[in-house]
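Me: Could you take a close look at one part of this for me? Start with the salt bridges, then follow the thread wherever it leads, and keep it informal.

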Amino acid sequence: MPIAVKKERELHAFKRSTSSLSLKKIVPKVLRSNSMKNLFKSKKPRTPVDIVREARGLLLYLNSGADDGKSKRDEKLQQLDAYIQEMKSILYGIDGAEPIPEACAKLTQEFFSDDIMRLLILCLPKLNLETRKDATRVVANFQRQPVQSRLVASQYLEANLDLIDKLITGYEDPVVALHYGGMLRECIRHQVVARYVLMSEHMKKFFDYIQLPNFDVASDAASTFKELMMRHKSTVAEFLEENYSWFFADFNSKLLESSNYMTRRQAVKLLGDILLDRSNSGVMTRYVSSKDNIKVLMNLMRESHKSIQIDAFHVFKLFVANQNKPNEIINVLYANKSKLLRFFDGFTLDKEDEVFETDKAQVIREIVEIESTTPVSVSGELFKPIAV
Amino acid sequence: MEHQSEKKFPLTAKDYKLYEEVGEGVSATVYRALCIPLNEIVAIKVLDLEKCNNDLDGIRREVQTMILIDHPNLLRAHCSFTTGHNLWVVMPYMAGGSCLHIMKSAYPDGFEEPVIATLLREVLKALVYLHSQGHIHRDVKAGNILIDSKGAVKLADFGVAACMYDTGDRQRSRNTFVGTPCWMAPEVMQQIHGYDFKADIWSFGITALELAHGHAPFSKYPPMKVLLMTLQNAPPGLDFERDKRFSKSFREMIAACLVKDPKKRPTSEKLLKHLFFKHAHSNEYLARTILDGLAPLGERFRLLKAKEADMLSQNKALYEDKEQLSQQEYIRGISGWNFNLEDLKNQAALIQDDLVSNSEDSSESRKHKDGQENLCFESASHSKAASHLEGELNVVHNLEDPLAAFPMKPLRALKGCFDVSENDKAADSPSL
């Protein structure tokens, strides 16, 4: 063998050994700092592959529903907890140390190729509270981990969209609602997932989830709903175009006219955000051309709750500012002209707000100039007197 | 899984009967209450959502944290629901009230060392748990240390708590300016490099001094001065002369916490091993030593409130005395102020004059003046964030009228506006 080739081989072998060495270096560090929590003393350092494989075995056991007694199950739960903590340590770094990209990538790859995400979601209700919280963080973090600059998570979810169904319906079970909700919000960062949810029947369910009696769960659902409606602009615009009728009918009747203060408040704020988003301008024009819609918003402005009044005003002004107001809007404004002017006269904020004042002045100017289009057909007052 | 108790707390207001007021925040009031179906006494925090302008998300996170917490030294929430524009958070009833209230009622000059060791060990256990979960409490102080009838100690109020794991992205550090000035770590005030779990260790050290003296160091100064003193003076500690009654290990424990460089402070886990905590006793000891003979919480709360109203009206007469301000805030137990960094700089200049003219210790004041040059408040991004807060914060403008001088809102109400963290922003932008 020529010396040169041999040397090259040696060099190769050397390279390989250093790279595996660095991985070995990483793992013991993870284990050492975790030793307190590590309940079973394994001498051998675990690689990401080991961790995922062990966790998988435990999850499969839990998922099988085998009943070998409580103590056996508790032992398995503790072991699983330790593995999930190890994953967390690799992903988030330990004691302020930076996470190591290679270890994260390896772990991510194994996590998805071994279908651990599915097992974790399915087994979540069986885990201890602390493990559930760690599992949620781990799953959330995996959504953002690149492997060779590709987002494995997105591809995985595209092929496993039934998991998203599972996460969404989690809002119906208070035991897992907050955990599934936390995972779900990370998953819908992937456009393909957001599109799936938006185009699915699940969208209708959110109108109910937002109004669940537990504040913690309902507000979580509201936050996910908002994320769905705000994050992926083009997908949202497409969704709204295609689903305009039922979506805004439900939005008005179930949310804006809900008897629940929290629901109304969050909904009117979100409505403003949706309509004012430039990518939704077509939808906005359509929304502000309907008599039914202006009615809902005017009623919200008459509420006794200032925060709702203000957000309702920010939507109402769009109806007024529309330069191509259809007759039905003009007629509503004309029929209520004096009451609206009286209302705006007393409508002030506790603190100065230049934007609000400018908008208000413009709205008042527009209303003053409103003339009836069909004087005969105006059927009188649509609203009771506005209490100021 | 003990938290998932068989007990299901009902989610409607009519299932609870509110009794007397036992605590008061800015937008919230805490009541003792009966959960009728379970026949159990609870505490209910009633939060007026109309007073929480734009921080519904912050409130959601606070409540979720309280629901998902499971540690004997942390106050968890049984459940939460809205009724009208109020949010009700149902929690275990802590009959002893807060350490601040106990001190004000019966120990105006602070507790004995074994009591302090016991209280602090319990609080530290809570911090170890929180930190291991990635949470920074950010408002550790005697007013947030609660005791139940059996002497069990729980740390409360996650209103300003931050999570380093928020949104699935690892947060290297936080940059938000929250907390209460007297207890606030220097790095939190500076807002330059961000801060982490170690900020809680500083507050923990200040709380130790608070429990030893009955008040936090600098508590008689206005908040702006507190900021300057925290940044410029040597860290506070136990005095060799005045605090002779305390042990060496207590002195050293406090000194270990109150180091200006956060890196040099111990972690909560390490601090828990400190010799000082060997002096800690049991919960029963606390019940026996400090709770015995105390009037019921509601009654104490009423008396304190009356006393406070009294002092406030007296202060009205003396309102030239700016130093009363911080004390007033302290008496009211308000948990935070908001600052505009621009205002802060202006205010710093004002205080300079004050110190020269009416300080009781002129050598001290000269030291402040010399240190003035080194203040590092400038940071382009921060002052930008600060300027859009103008109008919210009137600390400087209202100085002539001390009673109106401090925004009565807690910091959390404005947290959204004040979050100037680069990390927070990065977390929002799609990194996909």
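Reply: The count comes to 34 salt bridges over all chains, where a salt bridge is a side-chain nitrogen of Lys or Arg within 4 Å of a carboxyl oxygen of Asp or Glu. This is a predicted model, so local features need pLDDT of at least 70 and side-chain atom pairs count only at pLDDT 80 or more, while totals for chains, interfaces and linings use all residues. Residues are numbered from 1 along each chain as its sequence is written, chains are lettered from A and ligands numbered from 1 in the order in which they are written, and side-chain values use heavy atoms, with hydrogens and water left out.

Chain A offers one of these pairs: A:R144 with A:E186, whose closest N and O atoms are 2.9 Å apart. A:R144 sits in the loop between α6 (129-142) and β1 (146-147) of chain A, and A:E186 in helix α9 (residues 177-187), so the pair ties together parts 42 residues apart in sequence. Helices here are DSSP runs of H or I with at least four residues, strands are runs of E with at least two, and both are numbered from the N terminus. Both A:R144 and A:E186 are buried, meaning under 20% relative accessible area; exposed is over 50%, and partly exposed is in between (1.4 Å probe, protein chains only).

Chain B has pairs with other surroundings. B:K14 and B:D15 bridge at 3.8 Å between the closest N and O atoms; B:K14 is exposed at 67% relative accessibility, whereas B:D15 is buried at 19%. For B:D261 and B:K264 that distance is 3.9 Å, with B:D261 partly exposed at 27% and B:K264 exposed at 63%. There's also a salt-bridge network with members from both chains: A:R185, A:D220, B:D57, B:R60 and B:R61.

Now for the charged residue that leads into the strands, B:K45. The UniProt record, an unreviewed entry, has a "binding site" annotation covering B:K45; such positions are given in the numbering used here, feature names are shortened, and annotations may be inferred rather than shown by experiment. B:K45 is found in strand β3 of chain B and counts as buried, at 14% relative accessibility. The side chains of B:K45 and B:E62 share a polar contact of 3.2 Å (a pair of N or O atoms within 3.5 Å; within protein, one must be able to donate a hydrogen and the other to accept it, and residues adjacent in sequence count only if both atoms are side-chain atoms).

Strand β3 (residues 40-48) of chain B runs antiparallel to β5(B), joined to β5(B) by seven bridges; strands pair if DSSP finds at least two bridges between them. In that pairing, B:A43 stands opposite B:M91. Strand β4 (residues 79-83) of chain B also runs antiparallel to β5(B), with five bridges, and here B:S80 stands opposite B:V89. β4(B) and β5(B) make a hairpin with two residues between them, and B:G84 in the turn has a positive phi of about 60°. β5(B) itself (residues 86-92) is mostly covered, with six of its seven residues buried.

For the wider setting, chain B has 16 helices and 10 strands, and 58% of its 432 residues count as buried.
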